[in-house]
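Thanks for coming. I will go through one structure today, a few places at a time. Please have the picture ready.

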Amino acid sequence: QVQLQESGGGSVQSGGSLRLSCVASGNTSSSYCMAWFRQIPGKEREGVATIYAGAGVYSTNYVDSVKGRFTISRDPAKNTLYLQMNSLKPEDTAMYYCAASTVPQFSYTCGSFSWGRYWGQGIQVTVSS
């Protein structure tokens, strides 16, 4: 069982930056694959970025709409996942969720966003024009 807690959300103007954090606790020994998702009310939750780090393999994957603007990273010493968001746009406004795979994943399956997961409670990001 893994517990996830997000922080760092808020409101910014278009073009601004925010950094989201997610602290993982519990049995995280097999949490090589983690990700950020986001959801707009009435819309399907979508994957934003994934990160895989384990067994000498490191990889990241991003949805096309955030490539070049967002960066996902991890700090193993703090059991923390980050999402640095730059050049924010109004269309980035959403509830952002931290996620961790429930079972070990291969790097290529991690990048697909298609895996069972533990969820954080979500944190709001609002970008004003």
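Start at S101, where a polar atom of the side chain lies 2.5 Å from the backbone oxygen of V103. Keep in mind that this is a predicted model, and that the distance is a computed one.

Where is S101? This residue belongs to strand β9. Is S101 buried or exposed? The relative accessible area of S101 is 2%, and the cut-off for buried is under 20%, so S101 counts as buried. As for what surrounds the residue, S101 is in contact with S31, C33, W115, G116, R117 and Y118, if we leave aside neighbours within four places in sequence.

Now compare that with another residue, R19, which sits in strand β3. R19 has a relative accessibility of 47%, so it is called partly exposed. Exposed would need over 50%. Again without the neighbours within four places in sequence, R19 is in contact with S7, G8, Y82, L83 and Q84. One distance to note from here: I51 is 32 residues from R19 in sequence, and their C-alpha atoms are 16 Å apart in space.

L83, which we just met as a contact of R19, takes us to the nonpolar core. The largest one has 28 residues, and those touching the most other members are L4, W36, L83, M85 and Y96. Which elements give two or more residues to this core? They are β1 (2–7), β3, β4 (33–39), β5, β7, β8, β9 (94–101) and β11 (123–128). Apart from this core there is another, of 9 residues, including A35, Y52, C110 and W115. W115 is also one of the contacts of S101.

Back in the largest core, take M85. Not counting residues up to four places away in sequence, M85 touches G16, S17, L18, L20, R69, F70, Y96 and V125.

Last, the empty space. Rolling a probe the size of a water molecule over the atoms shows where such space is left. The largest pocket here has a volume of about 230 Å³. How many residues line the largest pocket? There are 17, and S31, R74, D75, P76 and N79 lie nearest its centre. Strands β3 (18–26), β5 (46–54), β7 (70–75) and β8 (80–85) each give two or more residues to the lining. By class, the lining has 9 nonpolar, 6 polar and 2 charged residues. S31, finally, brings us back to the start, since S31 is among the contacts of S101.

Terms used: Residues are numbered from 1 along each chain as its sequence is written. This is a predicted model: local features need pLDDT of at least 70, side-chain atom pairs count only at pLDDT 80 or more; totals for chains, interfaces and linings use all residues. Side-chain values use heavy atoms; hydrogens and water are left out. On a 1 Å grid over the protein atoms alone, a cavity is a set of points where a 1.4 Å probe fits but cannot get out, and a pocket is an open set with protein on both sides within 12 Å along at least five of seven lines; lining residues have an atom within 4 Å of a point. Grid points are joined across faces, edges and corners, and a volume is the space filled by probe spheres set on the points. Helices (H or I, at least four residues) and strands (E, at least two) are DSSP runs, numbered from the N terminus. Ala, Val, Leu, Ile, Met, Phe, Trp, Tyr, Cys and Pro count as nonpolar, Asp, Glu, Lys and Arg as charged, and the others, Gly among them, as polar. A nonpolar core is a set of buried Ala, Val, Leu, Ile, Met, Phe, Trp, Tyr and Cys residues joined through side-chain atoms within 4.5 Å. Buried means under 20% relative accessible area, exposed over 50%, partly exposed in between (1.4 Å probe, protein chains only). Contact means heavy atoms within 4.5 Å. A polar contact is a pair of N or O atoms within 3.5 Å; within protein, one must be able to donate a hydrogen and the other to accept it, and residues adjacent in sequence count only if both atoms are side-chain atoms.
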